[in-house]
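Q: Could you take a close look at the shell of residues around the ligand for me? I'd like to know what it is made of and where in the chain it comes from.

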Amino acid sequence: MVRSAAASVPNNLESFWMPFTANRQFKKNPRMFVGAEGMYYTTADGRKVLDGTAGLWCVNAGHKSPRIVEAIQRQVEELDYAPAFQMGHPKAFELAARLVNLAPEGLNHVMFTNSGSESVETALKVAIAYHRARGEGSRFRLIGRERGYHGVNFGGISVGGIVPNRKMFGTLLTGVDHIRHTHDLARNAFTRGQPEHGVEFADDLERLVQLHDASTIAAVIVEPMAGSTGVLMPPKGYLERLRQITEKHGILLIFDEVITGFGRLGASFGAEYYGVTPDIINTAKGLTNGIIPMGAVLVKSEIHDAFMTGPEHLIEFFHGYTYSGNPIACAAGLATFDTYRDEGLFERAAELSTYWEDALHSLKGLPHVIDIRNTGLVGAIELESIPGEPTKRAFAAFIDAYEKGCLIRTTGDIIALSPPLIIKKSEIDQLFETLKTVLKNLN
Ligand code: PXG
């Protein structure tokens, strides 16, 4: 029997194998969102849930932001899709130019992707190919960092440093090594902003240069502030030193700004916030307010120009996606930038960050809390793990907070918070009052 595509099937939860989810736990007691506006989700059972995480660190301008919604609707009517290769459409060029305008000086060229993971793969490929294009093909090694998160594709998990994301997947990329992470609870617990201790962790790169020789290393990739792994701020002077060491050895520095881009820290990019300019920046998430999948990779002119040689009818770089610079995504991106600018959201994040910091650190002293850290509109509360049962305590907090009307994220036994930048002081109060109750009741 031929089954019609339109035939209705009874809804069931079995078919969808959910990403990064405890599927069996979820399906026994599903948590479904059916609507969203501004700072709040609506659940299937009609409750309002305060979004303490901007979706997954992406809805920086809040949900259903009207200009973005309208721009997408208009674009579908005007030009739904245009081939990404050997053809163009105006909004892709406009969005690239606007992005360059937001970025630190010198990062003048943009490739579009469809996710943070694709931005990572693109950046790593650009780095290796760049060295080869200028006659240093021996520079093939990629250096990541322990506890780094760079998405889930093979390049990203190879340079990434989150063990469960790597251990099941065979040999990964070859020619990859890692510098040590910067988390140092013993010296830095309960720091507001950048930790005092740990600039010397950057010197671990010199150790790898000694081991592999600079002439074999193409690039180092780090998140300016490590997000997914539990919000780890760069120690004071650390990023500056990484920049010095990479420059000294001719190694490209890639900042993965998928989370730190677009106002999260109260500046356009982490690079601007920390005052350190890398050679390549990866973005996604807040680029379109999370509404349409899109990522972008910004590169310095020297990198771009190294490929602009040879006969002009030939393709210069063999890479790209069917949906690179998709018109709907570009329209969403442009309207997102207008919204960030006209609502002053990056400045708003900077202004609110002190109130946010004070509210967050007021949780110090509650049961099981072993660290609290923050920057911009990001916060983390690290809990002591239940012996032999890592992640269980924070997961219980996540469920309880959800039932009490707040969406939070957990990674390991760390609670991570990153609300839309439109959050009001009263909503910051609501979030932390709820968390206080949750933490007090935690086993
Ligand atoms: N790089 C960084 C720094 C990221 O944070 C990615 C790459 C991958 O992006 P895509 O779009 O392929 O998912 C990310 C994604 C969390 C969480 O709760 C973080 C991410 C994604 C989902 C959840 O910490 N970061």
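A: Sorted by residue character, the shell around the ligand holds 8 nonpolar, 8 polar and 3 charged residues. Bear in mind as you look that this is a predicted model. There are 19 residues around the ligand, and the ones that come nearest are G116, S117, G151, S228 and V258. If you want a place to start on screen, pick out those five.

Now for where the shell comes from. Three elements supply at least two residues each: helix 2 (54–57), helix 5 (116–133) and strand 14 (409–411). Of these, helix 5 gives the most, with 3 residues. Those elements are part of a chain whose secondary structure comes to 16 helices and 15 strands.

You can also read the shell by domain. Domain 1 is written in two pieces, 23–65 and 344–440, while domain 2 covers 69–342. Each of the two provides at least three residues of the shell around the ligand.

Stepping back to the whole chain helps to place all this. Among contacts between residues at least 6 apart in sequence, 73% join residues at least 24 apart. As for burial, 47% of the 443 residues count as buried. The C-alpha trace spans about 65 × 60 × 50 Å along its principal axes. The radius of gyration is 22 Å, which agrees with a compact globule, because a globule of 443 residues would have a value near 22 Å.

Notes
Residues are numbered from 1 along each chain as its sequence is written. This is a predicted model: local features need pLDDT of at least 70, side-chain atom pairs count only at pLDDT 80 or more; totals for chains, interfaces and linings use all residues. A residue is near a molecule or strand if its C-beta atom, placed from the backbone, lies within 6 Å of it. Helices (H or I, at least four residues) and strands (E, at least two) are DSSP runs, numbered from the N terminus. Ala, Val, Leu, Ile, Met, Phe, Trp, Tyr, Cys and Pro count as nonpolar, Asp, Glu, Lys and Arg as charged, and the others, Gly among them, as polar. Domain bounds come from an automatic or database domain assignment. The radius of gyration is taken over C-alpha atoms; the globule rule is 2.2 Å times the number of residues to the power 0.38. A residue is buried if 20 or more other C-beta atoms lie within 10 Å of its own, exposed if 12 or fewer, and partly exposed in between; C-beta atoms are placed from the backbone. Two residues are in contact if their C-beta atoms, placed from the backbone, lie within 7 Å.
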